[in-house]
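Hi,

Here is the structure I promised to pass on. Have a look at it first, and then read my notes below.

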Amino acid sequence: LENLVKEWLRLDPNESTRKDVEHLWNNNAIGELERRMRTRIEFGTAGLRGKMEAGWSRMNDLIVIQSSQGLCAYVLEHVENAATRGVVVGHDHRHNSERWAQLTAAAFIANNVKVYLHNGLVHTPMVPFSVKALNAACGVMITASHNPKQDNGYKVYWENAVQIIGPHDVGIAQSIMQHLEPRVHSASQVIESGLCIDCTEEMKKGYFHSLSNLRAKMLSFDGASVTFVNTSMHGVGDPFASRAFEIAGFSPYTPVKEQQHPDPEFPTVKFPNPEEKGNHRLTCFQDLAIATANAKGASYVLAQDPDADRFSAAENCDGKWVTFTGDQLGTLFAYHVFETYKASSKPIGKLAMVASTVSSKMIEAMAQIEGFRFVDCLTGFKFIGNTALDLVQAGYEVPFGYEEAIGYMFGSEIRDKDGVAATMVFAQLAANLRARGTTVSAHLQELYRRYGYFETSNSYFICTDPLVIENIFRKIRSSGDMGSSQGRSYPSSIGGLQIRSVVDLTEGHGYDSTNAPTYQPKLPLSLGHMIQFRASSDSSDSRIVLTIRTSGTEPKIKYYLEGSGSNRQAVHSLLGGVVDDLAEDWMNAAENGLGRP
């Protein structure tokens, strides 16, 4: 520990964080130093994300400088003409974000690499948009998205303008460890450098032009016919969302004034994540946003997370506010995109859509009936974006992709989630439906009647002991006779349903019961545990898809459960029974001391 502390004090260029470590060392705060110093923050496919304070396991100036130096060296080695193509750097409004964006730029400039440094606050989609528009070698966005206020992060996009995937994550992590000696100590000269270029306004203009291409020409609506309230959750989204509304031909929305402007303290939200219970389901929508909507007589509440790459919405249904789930929004958007594409008279066989494997299978059902291609992939937009690019390479048009965690991708200019684009598309959809004499909720019910009723029940178990987690998954893999002819022993039933297929996407356990004769999964394997089960009833058309997986960042076993069938009540009842079996029989929740939210 002493060596780790001494090395920190030798390298850290920031007087404040250096003094912080000195103070802890002088006061013999061994426990705190162990937490901050013993392990290094890990660079993965999400880049970096963690608490802002001194230490090797935290986010701070030294970690940002070292990471930027390592990334720069890796990019120069692996991307052709990287120095002249340059890199894009942007930042949100969180504490330290601006300085860390400038330190990132400084590390690249020190290696004679051109930097397109966005001037002022931008939402995350501006970085991948700019990487593509400028043909840059890579992009970095300083943001922690919807994390708590004490966190910040470092998100990396590759030259294809999609978040990095393997092997680049491992290669960059190794490169960082080879470039730990800081070559830059401050960002004071960055703006004056001839290698630092500000094309922010040009990129914003291009981005808004790309949004105008999402305006569905086939839709007819009165831009003032529906009233909207919008919250940006103390983030950077408001100027982008309000401009998007203008582009789409809408009257201005009513902002939730208390949450309209950037504030790194996030004073009115416990978690600045519109997906969290307590925000978009309770606090955010039912308090400030709902109060604003009720006062204005608004029909819909719209929300972006703080870096405006995610989107959520609620509708006033006869005085009761109903929040759409991520999967419901995904289904609504998918059908909207399908209708728009169909109206263009392009061949439906060339249309493709992508969703993460833990998202709803309703688009899969839609694709089977309507004749377009649906592809699922591993969780995360790094996989959704790359899968979309692969499909484009194969001759398909991919105007939409999504994940259930309220992330939606539209068009071809950004292969990443974009909460502003989603806001604009949802508003168009709501207004068009109003012109037809109906609502978004009623339209969703129509889609259920057309493609079958789908209902999700996603949650998690809390487990802080890795050994318990390993034992749980070991038991699941050895507690039945599903797959016995291939030497496997997965459970054969759950909630009174027969399990029809198993796909285990865990490294070392790869198995797909549907893929004879190799039985190897079609999707890439995951470092964490991840198993998907499909089950159905012998006596009705009710069926479920259950995915259980470990979280890479939290002490959780997550489950994603979706039921479907023609009988809504039967599907709803079914989900409760499956969750009970999952908790009591598969997880042994009480015996293993698992927490529940």
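To start: leaving aside its neighbours within four places in sequence, which residues is K417 in contact with? Keep in mind that this is a predicted model. The list runs P125, K155, Q163, D309, R310, F381, E403, G407 and Y408. You'll find K417 in the loop between strand 15 (407–410) and helix 15 (419–435). Is K417 buried or exposed? Its relative accessible area is 6%, and buried means under 20%, so K417 counts as buried.

Next, the sheet. There's an open one of six strands, in the order 1-5-4-2-3-6, and the pairing is mixed. Strand 1 (48–51) and strand 6 (196–197) are at the edges with a single partner strand each, so one side of each has no neighbour in the sheet. Further in, strand 2 (residues 87–91) and strand 4 (residues 138–142) run parallel and are joined by five bridges; V87, for instance, has C138 in strand 4 as its bridge partner. Helix 6 (residues 97–109) lies across strands 2, 3, 4, 5 and 6, and runs at about 165 degrees to strand 2.

Last, the cavity. Searching the whole structure turns up one cavity of 30 Å³ or more, and the largest cavity has a volume of about 60 Å³. Its lining has 13 residues, with V358, S359, V545, Y560 and E562 the closest to the centre. Strand 22 gives the most to that lining, with three residues. By type, the lining divides into four nonpolar, six polar and three charged residues.

Cheers

How values were computed:
Residues are numbered from 1 along each chain as its sequence is written. This is a predicted model: local features need pLDDT of at least 70, side-chain atom pairs count only at pLDDT 80 or more; totals for chains, interfaces and linings use all residues. Side-chain values use heavy atoms; hydrogens and water are left out. Two strands pair if DSSP finds at least two bridges between them. Helices (H or I, at least four residues) and strands (E, at least two) are DSSP runs, numbered from the N terminus. Contact means heavy atoms within 4.5 Å. Axes are lines fitted to C-alpha atoms, for helices over the stretch in contact, and angles run from 0 to 180 degrees between N-to-C directions. Buried means under 20% relative accessible area, exposed over 50%, partly exposed in between (1.4 Å probe, protein chains only). On a 1 Å grid over the protein atoms alone, a cavity is a set of points where a 1.4 Å probe fits but cannot get out, and a pocket is an open set with protein on both sides within 12 Å along at least five of seven lines; lining residues have an atom within 4 Å of a point. Grid points are joined across faces, edges and corners, and a volume is the space filled by probe spheres set on the points. Ala, Val, Leu, Ile, Met, Phe, Trp, Tyr, Cys and Pro count as nonpolar, Asp, Glu, Lys and Arg as charged, and the others, Gly among them, as polar.
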